[in-house]
Amino acid sequence: MPPPTHEQLAQQARFIFHGTVQSTRANELPDAPSNAVTVRVDEVLQGPEKLTTYAGHDVVVIPSKGERFRVDQRAIFYTNALAFGETLTLESLGHQALPAGAVGVRSATHPASTLRKRDVQQRLATADMVVVGRVTAVQLPPSELTPRAGARAAATPSDRQRRTITEHDPQWRDAVIDVERVAKGGGPRKQVVVRFPASDDVRWFRAPKFSAGDQGVFILHKTTAEKAGPTAGARAGARRAGTRAAVPAQVFTALHPEDVQPPEMQEEIGTLVQKPSASERTTVARAGSARTSKLTRRRKSSRRRRSSR
Amino acid sequence: MPRTSIRRRASRRRRRVAAAGQVLVVNMIPKSLSGEAEQDSEPSIAVDPQNSQHIIATAFTPDPMGTGFAPIFVSSNGGHTWALRSTVPSQNITGDISVGFGGGGRLYGGILKVPGGLLLNLLRSTNPFGTTPMTVLKNRSDVDQPFVRAQRLGTRDRVYVGNNDLAVANGRTATIDMSLNGAATPPQFKKVRIERRDTGSAGQNGPQVRPAVHPDGTVYAAFYGWRSFSASQRVTSDVVVVRDDDGGAGAQPFTALADSTDGLPGRLAAKNIAFVWDARLGNQRIGGDIAIAVDPANSRTVYLAWAALEASVYTLHVRRSTDAGVSWSPNDLRTKAAATNPALAVNAEGVVAFLYQQVIGTGASRRWVTTIERSANGGQTWQSNVVANVPATTPAPQFQPYIGDYVGMTSVGTDFYGIFSANNSPDLTRFPSGVVYQRNHDFQTRRLFDVDATTQVAVSIDPFFFRITE
């Protein structure tokens, strides 16, 4: 199998940085393997927002199988986190050695934006439909019209189909979106209904919430009734009552925080939909002669390595 | 035991509690995550009984990297320092999580997995300090608030997971998922329905189902036996305690304790109490609280806490039984108005600790005050330690639960170990028992800083560990 490309590594790694090996013994980490190295982060190229201030700080990198480093070696490191302690400990998926004389590597965009864009790209790749439009109404889905317990005090048997009570109740709502343009997933259409959780419970608070007038790019996934239909309680309540909970047909949802993008992103998203494999690139500025180093190590199964540790 | 020895032991305990013990409080966010500003609420804790230096904790802390696993906090030095490792098979965060240690350093976990609405996963790790993801032992849907307790008994781990199984058709949803050999491959779990009474118009029990396990095989569980649920979300309920004297191994598990009024299994420790579901106390949602703990030196002594409205105020009550749950102290040992998140633990010398979080004051000056009270004489007198006294209205909630639907506390030997969530502003006046921060901070200017030590970080809700060394 050929070694993974720069783009493949970039797709697998959450934290990518340009760094310099400080020590080939990571003394600060008592349970680190003997090949762990200490690396100074020179520039963060991709990472979550809370890690974008790591430039100038040391991290511990556990090399992938067969990967070797020497002191003062400079490279682009493709990593994921293993542990956050006194020091950040990362597992290397591979690295790209930088030639002597390279003065630096910079991301063309903010490191967190790069990661966010990658996440958007992954959502786009699995989306069943992507539309540009405006929310015109928010309403209760039919499955939520069944009453809660207590509202059926003088219950007739048919009333006993109801939602039971849990703090994780998603409080499903349907957003009606007037479609301006379909970027993915079929021909022109006037409207699409998106089911979303109105709940602020920990399970649901990150899912986008919709209000009439909201405009944007909506990245939609078809979801089964099991996930976005009546609440679990409704099903159980129906079972108790010997009735059958109303099971809706497949519905569209937008549950990931990146599933709704601002209207100004529509052009870029259109491009990403056209080229789903495109990845964010970095600009390498070199003082000396440009030389693209071959990726020296490849990523083995990350989980397998973690298991053997 | 001779009467003089008992008196001497009690006297020794009183002296120790009077000395207030040593209280260690640690902000658990590690230094390498100094930029963190998440709402790390609803904490739980497990201490390895064979090596109390090894502690695992959880909270609603998302995976900082967003890699697809949820994190746990690990400490291998008795809670002085903590690291975060993402080994829980749930997408970045869980919907609920609690943990417990069995023998041999094995950790058991119960989560609501993400994605999934109410998808219960029972988990195990043979090395929770490593980086290998936890193993899924069992999963099923329509389950709420799994609450794990485990106990090594002989060569086997007994594992009990209290939960509210909403898939039950008869409305008696309070359930214990249990295994008599959790370390087996694969372990066998069985579901035990512990509600024997009609749940009336509620049609279900409350989500809080709490087991307490004793080394002699005795297991208690406490839950709200909901009896009605009104259109205004007012719940009426009994507080029910069940017991099994052989760990649930028999043909009729958790039926050892019957109520004298109806002869049914499950002692009604409190009857016809009420509260409002999904009400607010401070910024925190409320809808019932239950805690139970058994004396490790005497399985007949058990403490129980629950919440109920008293004169329209959400109030915690603590009572004690010395006859294995048959009868309960007629009056409260402790009564705490405007309080939530009770946790109880009893140490090897019979000292009981009661942890709770109370709203003090009114309006914008309200405070969340987290207190640990201990009694060495069965609840006659109490020694109090306030571990946090922080603003109740800042930071603004990111989601519910704000500080958690529960906290955690346990004991190993004579020491108490606990965890709570609170406003993380590094202000020493807010931590009367002292506090240690790992993340970058300045106690003088009361500010938090990112890993670069210059970028200021917003105040948020953090998990705090405490240990009381008797």
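**Figure 1. Pro401(B) sits in the loop between strand E27 (383–391) and E28 of chain B.** In this predicted model, the peptide bond that leads from Gln400(B) to Pro401(B) is cis, with omega near 5°. Most peptide bonds are trans. Strand E28 (408–412) of chain B, which bounds this loop on one side, is also among the elements that give two or more residues to the lining of the second largest pocket, the subject of a later view.

**Figure 2. A cis peptide bond joins Thr185(B) and Pro186(B).** The omega angle of this bond is about -10°, and Pro186(B) belongs to the loop that runs between strand E12 (174–179) and strand E13 (190–193) of chain B.

**Figure 3. Gln171(A) has a positive phi in a loop of chain A.** The value is about 55°, although Gln171(A) is not a glycine. Most residues other than glycine have a negative phi. The loop in question connects strand E7 (129–139) with strand E8 (172–184) of chain A.

**Figure 4. The interface of chain B and chain A brings 67 residues of chain B into contact with 47 residues of chain A.** The area buried between the two chains is about 4500 Å², and carbon and sulfur atoms give 52% of that area. On the side of chain B, Ser32(B), Met65(B) and Thr131(B) lose the most area to chain A, together accounting for 16% of what that side buries.

**Figure 5. Polar contacts and salt bridges cross the interface of chain B and chain A.** Three salt bridges are found across this interface, one of them pairing Glu38(B) with Arg206(A), whose closest N and O atoms are 3.3 Å apart. There are also 19 residue pairs in polar contact, with both residues of each pair at pLDDT 80 or more. Strand E5 (83–88), strand E10 (143–153) and strand E15 (219–229) of chain B each supply at least two residues of the side that touches chain A, and the largest share, four residues, comes from E5(B). By class, that side of chain B has 30 nonpolar, 24 polar and 13 charged residues.

**Figure 6. The largest cavity is lined by residues of chain A and of chain B.** Its volume is about 40 Å³, and the count of cavities of 30 Å³ or more comes to five. From chain A the lining takes Ala81(A), Leu82(A) and Phe84(A), while chain B provides Asp63(B), Thr67(B), Leu84(B), Arg85(B) and Ser86(B). Strand E4 (74–84) of chain A and E5 of chain B each supply at least two residues of this lining, and E5(B) is also the strand that gives the largest share of the side of chain B that touches chain A. The lining residues of the cavity divide into four nonpolar, two polar and two charged.

**Figure 7. The second largest pocket holds about 910 Å³ of space.** Its lining comprises 49 residues, of which Arg149(B), Ala150(B), Val213(B), Thr410(B) and Ser411(B) lie nearest the centre of the pocket. The elements of chain B that give two or more residues to this lining include strand E2 (44–47), strand E6 (96–101), E10, strand E14 (209–213), strand E20 (290–295) and strand E24 (339–346). Among these, E10 of chain B also supplies at least two residues of the side that touches chain A. By class, the pocket lining divides into 29 nonpolar, 14 polar and six charged residues.

Notes: Residues numbered from 1 in each chain as written. Chains lettered and ligands numbered in written order. Predicted model: local features only at pLDDT ≥ 70, side-chain atom pairs only at ≥ 80, totals over all residues. Heavy atoms only, no water. Contact = heavy atoms within 4.5 Å. Buried area = accessible area lost by both parts, 1.4 Å probe. Salt bridge = Lys/Arg side-chain N within 4 Å of Asp/Glu carboxyl O. Polar contact = N/O pair within 3.5 Å; in protein donor to acceptor, adjacent residues only side chain to side chain. Nonpolar A, V, L, I, M, F, W, Y, C, P; charged D, E, K, R; others polar. 1 Å grid on protein atoms, 1.4 Å probe; cavity = no way out; pocket = protein on both sides within 12 Å on 5 of 7 lines; lining within 4 Å. Points joined across faces, edges and corners; volume = space filled by probe spheres on them.
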